[in-house]
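Trainee: I should like to learn how to read the features of a protein model, one at a time. Where should we begin?

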Amino acid sequence: MDFDLSDEQQLIRESAREFTDKEVVPRARENDRNHHFDTELVGKLAHQGYLGAIVPKEYGGAGLDYVSYALLVEEIGRGCSAMRTVVSVQTSLVCSSIVRWGSEEQKQRWLPDLCTGEALGCFGLTEPDTGSDAANQKTRARKTDGGWTISGAKMWISMGNHAKVALIFAQTDPELKHRGLAAFLVPTDTKGFSTQEIHGKMGLHGSDTASLALDDVEVSDDALMGEVGEGFKIAMSALDSGRYSVAAGCVGICQGSLEASVAYAKEREQFDRPIGSFQLVQAMIADMRVQTDAARLLVWRAGYLKDQGRPSTTETSIAKLYATEAGQNCSHLAIQVHGGSGYVDDHPVERYYRDVRVTTLYEGTSQIQKLIIGRAETGLNALVPS
Ligand code: COS
């Protein structure tokens, strides 16, 4: 077993750290306060090659391995979860799906623009009545001469208001259940496609979140990605990458919580001593360190399996479950270390605490991850009680 990163991976990590400290961190608080989706910063992420980092070079990506991808996602996640969400959705949910399932024509059409940030993509799986039960899509796709007509609604869609292409999952034949689903690459300027911004989120204020409406949206046959009936597999394989990316982002929140707490505990004095010299404060710091390390190693293990082309669904769920829960614990502890100062946005920990909350919900709740892990461990399906 080799826990060392290669020289190239170390370089990727260092440059992502530098980029995050120089470009992402200074804007994070204001973007959060102003609920501003920072498209200029998205352009900088793209310029760094962080959108589509795992896309092969021939399609405009950086051609990175999954462990390297985790390193850069961790750094962006330490800086700002709203920007990390852009990287995760664009790269893992949209680009990686097109790389794996798209036709050559679809790859040529979308990947170069997605990698340069010329186009943003969104992932249209969740619906107002369809969350954990992802196979139960109400959106319908009806075959027409030379194409498809799609109607339905999607909910909680990151980047939905800015995307040029939406990966839409729709049912073609309800009798077939999950085997009737199909995936479509829908240009968002198609007639009948509209979006609305979702307001009132607890966190991720710098992220764009939308509901989508598809009202008899007509697309040609070349919008269909994969075969009819492969939609559910496409969605699940996208989530294998998306959950990994969310987990890596949460390692960034853990690391950021730890670093902010160590710095504050050394500087803040009470009883004529830095609070970091108190055992109970060190206990909190130790808890953060342990959870950060454990989360990171679980992410790297899942990445190692992905890089080898080996099955990684269970290990990805383990990493996602642990890292998202660790992110909540660490940001919670970090506020405790900061005391009253942690309750306002002078320090990043207040934002970490709000931003991390969604990560045990989106891309599969913690409960869904436990059911996937439990099924793998026992061979018994407890997903839907019979
Ligand atoms: N990659 C490729 N295919 C997969 C897969 C994966 N990771 N996981 C499952 N599949 C395939 C299975 O092989 C099976 O194929 P067949 O039809 O050929 O047998 C099919 O998909 C159905 O799989 P499974 O039986 O596991 O589906 P279940 O209905 O039992 O469970 C859960 C599906 C609940 C795990 C799934 O719906 C899920 O992950 N829900 C959460 C959805 C989610 O994360 N939403 C957030 C959206 S993004 S914000």
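Mentor: Let us begin with an idea: a polar contact is a pair of N or O atoms within 3.5 Å. Please keep in mind that this model is predicted. As a case, an N or O atom in the side chain of Lys233 is 3.0 Å from an oxygen atom of the ligand.

Trainee: Which other atoms of the ligand have a partner of this kind, and at what distance?

Mentor: The side chain of Arg243 has an N or O atom 2.8 Å from an oxygen atom of the ligand. Ser132 uses its backbone instead: one of its backbone N or O atoms lies 2.8 Å from a nitrogen atom of the ligand. As for coverage, the ligand alone exposes 1,000 Å², and the protein buries 73% of that.

Trainee: How many residues surround the ligand, and which are the closest?

Mentor: A residue belongs to this group if one of its heavy atoms lies within 4 Å of the ligand. Here 22 residues surround the ligand, and the closest are Ser132, His178, Asp240, Arg243 and Arg375. Sorted by class, the shell holds nine nonpolar, seven polar and six charged residues.

Trainee: Which helix gives the most to the shell around the ligand?

Mentor: Helix H6 does, with seven residues. Helix H6 spans 231–267, and helix H10, spanning 366–378, is likewise a supplier of at least two shell residues.

Trainee: Let us turn to single residues. Is Ser92 buried or exposed, and why?

Mentor: The general idea is that a residue counts as buried when its relative accessible area is under 20%. Ser92 is therefore buried, because its relative accessibility is 0%. This residue sits in helix H4, residues 81–101.

Trainee: What does Ser92 touch, leaving aside residues up to four places away in sequence?

Mentor: Contact means heavy atoms within 4.5 Å. By that rule Ser92 touches Tyr69, Val87, Ser97, Ala238, Ser241, Gly242 and Ser245. With one of these, Ser241, Ser92 shares a polar contact of 2.9 Å between side chains. Residues far apart along a chain may also be compared by their C-alpha atoms: Ser92 and Leu239 are 147 residues apart in sequence, yet their C-alpha atoms are separated by 7.8 Å.

Trainee: Is Asn31 buried or exposed?

Mentor: Asn31 is buried, because its relative accessible area is 11%. Asn31 is part of helix H1, residues 7–34. Beyond residues up to four places away in sequence, Asn31 touches His36, Asp38, His205 and Gly206.

Trainee: How does one judge the span of a helix, for example H7?

Mentor: One compares the distance between its end C-alpha atoms with an expected value at 1.5 Å a residue. Helix H7, residues 279–307, has 29 residues and reaches 41 Å, close to the expected 42 Å. Just after H7 comes a backbone feature: Gly309 has a positive phi of about 70°.

Trainee: Which residues have a positive phi although they are not glycine?

Mentor: Trp156 is one of them, with a phi of about 60°. Glu363 also has a positive phi of about 60°. Their surroundings can be read in the way we used before. Trp156 lies in strand S3, residues 147–158, and is exposed because its relative accessible area is 53%. Glu363 is in the loop between helix H9 (349–355) and H10, and is buried because its relative accessible area is 13%.

Key. Residues are numbered from 1 along each chain as its sequence is written. This is a predicted model: local features need pLDDT of at least 70, side-chain atom pairs count only at pLDDT 80 or more; totals for chains, interfaces and linings use all residues. Side-chain values use heavy atoms; hydrogens and water are left out. Helices (H or I, at least four residues) and strands (E, at least two) are DSSP runs, numbered from the N terminus. Buried means under 20% relative accessible area, exposed over 50%, partly exposed in between (1.4 Å probe, protein chains only). A polar contact is a pair of N or O atoms within 3.5 Å; within protein, one must be able to donate a hydrogen and the other to accept it, and residues adjacent in sequence count only if both atoms are side-chain atoms. The expected span of a helix is 1.5 Å times one less than its number of residues. Accessible areas come from the Shrake-Rupley method with a 1.4 Å probe; for residues, only the protein chains shown count as cover. Ala, Val, Leu, Ile, Met, Phe, Trp, Tyr, Cys and Pro count as nonpolar, Asp, Glu, Lys and Arg as charged, and the others, Gly among them, as polar.
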